[in-house]
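Please open the model in your viewer and keep the sequence panel visible. The tour below proceeds by selection, one stop after another.

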Amino acid sequence: MGIPRALHYFRYFPFWKRLLEKLNVEIVLTTPTNKKIVEEGVRHGFGELCIPIKIYYGHVFQLIREHPDLDYIFVPRYVSEVKDTYFCPKFLSLPDIIKILPDCPKLLNFEVNVKEFPLSTSVIELGKQLGKSQTTSLEAYAAAKSYFEEYHKFLRKGASVIHALRLVVRDRPFTLPKRTKKSDIRFLLLGHSYNVFDTYINLDFQKKLEDQGVEVITLENLPEKLFKIPVIVNNKLRNYWRHEEEIMQAIRYFLIEGRDEIDGVIFLISFACGPDSIISELIMRDMKVVGLPFLDIIMDEHSGEAGLLTRIESFTEMIKRKKRKLELSKGIKAR
Ligand code: SF4
């Protein structure tokens, strides 16, 4: 079974991997995103599509071209994972837009829609397509769930998703890498996982920050409890996009109790992403209230290395100077 290393991969791959392997499926992953994948995806994706969907196309084309012996491609339909929130409509229609591609192998149906049925039902349906009994599917589900919990515990200990996914792909135990560099400042890096962790399309953004002496944390490193209570804007507005809800929940924490735990916030947004464009405006207003420096970066297939580096350098330099000035004035007062 082919799996595109794009979109939901960055969020759910550990769960799928354990589940499918327990169902006796051999997984073929695409390579990490590269120039050819992006070019092919852009050629086939129509103009106003966001770049993550175009990249997804590119990965599917790689599977079709390089693995003609595949029985299936795994293109799940994520509708709702938590009651009261939905995934972006592009996730809802993903299997429909992929199955009409020329020479596309059969898609394996896997719909996640907890508003309508529990995840275990989706897994039983998946198992049926592979000729597995309900008992076998439920055992696979329990194993996948427990592995996914272990993976998230590891992330909450501070591991980066990029590192953790590498371990998952290689079937290695979860061990933290040794920290070699000392950081002067700490940023929260926000965005959809496919924007934050696809190092080709974001031009290895996290590494660029680390090279500037920045410690980076992402949503996945934050305590689970922050994501239990919904965000209600101005006591009346409820955001119903799943990923955006998580971003807002994280921001709420740094607005209230966690203000001093970070020095700045960067939000990576895909060009033409409707949900993100709305919440980035809300976040910017909140950041002004608490005086946290905020930078939003809009990415597409034309993003350039030099321009990005200049923005990162000037943002981090501005914050480092501000911090030095503050420490200096504290020192003078103490004397
Ligand atoms: S949330 Fe935004 S970036 Fe993600 S698939 Fe939807 S439109 Fe594209």
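Select the ligand and then α12 (274-290). With three residues, α12 gives the most to the shell around the ligand; helices and strands here are DSSP runs numbered from the N terminus, helices being H or I of at least four residues and strands E of at least two. The model is a predicted one, in which local features need pLDDT of at least 70 and side-chain atom pairs count only at pLDDT 80 or more, while totals for chains, interfaces and linings use all residues. Residues are numbered from 1 along each chain as its sequence is written.

**The shell around the ligand**

Extend the selection to the residues around the ligand: Cys50, Pro52, Ile53, Cys88, Lys90, His192, Ser270, Cys273, Gly274, Pro275 and Asp276. A residue is counted here if its C-beta atom, placed from the backbone, lies within 6 Å of the molecule. Both α3 (51-66) and α12 supply at least two residues of this shell. Colouring by class gives six nonpolar, three polar and two charged residues. In this scheme Ala, Val, Leu, Ile, Met, Phe, Trp, Tyr, Cys and Pro are nonpolar, Asp, Glu, Lys and Arg are charged, and the others, Gly among them, are polar.

**The two domains**

Where does the shell around the ligand lie with respect to domain 1 and domain 2? It lies between them, because domain 1 (2-156) and domain 2 (178-334) both give residues to it. These bounds come from an automatic or database domain assignment. Give each domain its own colour: their centres, taken over C-alpha atoms, are separated by 28 Å. The contact between them takes 24 residues from domain 1 and 24 residues from domain 2, two residues being in contact if their C-beta atoms, placed from the backbone, lie within 7 Å.

Now show the side of domain 1 that touches domain 2. The elements that give two or more residues to this side are α1 (9-22), α2 (35-44), α3 and α7. Its largest share, three residues, comes from α3. By class, the residues of this side divide into 16 nonpolar, three polar and five charged.

**Two loops that meet**

Select Glu48, in the loop between α2 and α3, together with Ala272, in the loop between β11 (264-270) and α12. Although their positions lie 224 residues apart along the chain, the C-alpha atoms of Glu48 and Ala272 are separated by 6.6 Å. Glu48 counts as exposed because it has 7 C-beta neighbours inside 10 Å, whereas Ala272 is partly exposed, with 17 other C-beta atoms within 10 Å. The scale calls a residue buried if 20 or more other C-beta atoms lie within 10 Å of its own, exposed if 12 or fewer, and partly exposed in between, with C-beta atoms placed from the backbone. Ala272 also has a positive phi, near 70°, in a residue other than glycine.

Move next to Asp204, in the loop between α9 (193-196) and α10 (205-211). Its phi is likewise positive, at about 55°, although Asp204 is not a glycine. Asp204 is partly exposed, with 16 other C-beta atoms within 10 Å.

**Two strand residues**

Select Phe187 in strand β7 (residues 185-190). Is Phe187 buried or exposed? Phe187 counts as buried because it has 25 C-beta neighbours inside 10 Å. Leaving aside neighbours within four places in sequence, Phe187 is in contact with Leu209, Val214, Val216, Ile262, Asp263, Gly264, Val265 and Ile266. The C-alpha atoms of Phe187 and Val265, 78 residues apart along the chain, are 5.5 Å apart.

Then select Val79, which lies in strand β4 (residues 77-80). With 17 C-beta neighbours inside 10 Å, Val79 counts as partly exposed. Beyond four places in sequence, Val79 touches Tyr86, Phe87, Leu92, Glu111, Val112 and Asn113.

**A pair of helices**

Finish with helix α7 (residues 134-156) and helix α8 (residues 161-169), whose axes come within 10 Å and cross at roughly 145°. Axes are lines fitted to C-alpha atoms, for helices over the stretch in contact, and angles run from 0 to 180 degrees between N-to-C directions. Show Tyr151, Phe154 and Leu155 in α7, which meet Val161, Ala164 and Val168 in α8. By class, this contact of α7 with α8 has six nonpolar, no polar and no charged residues.
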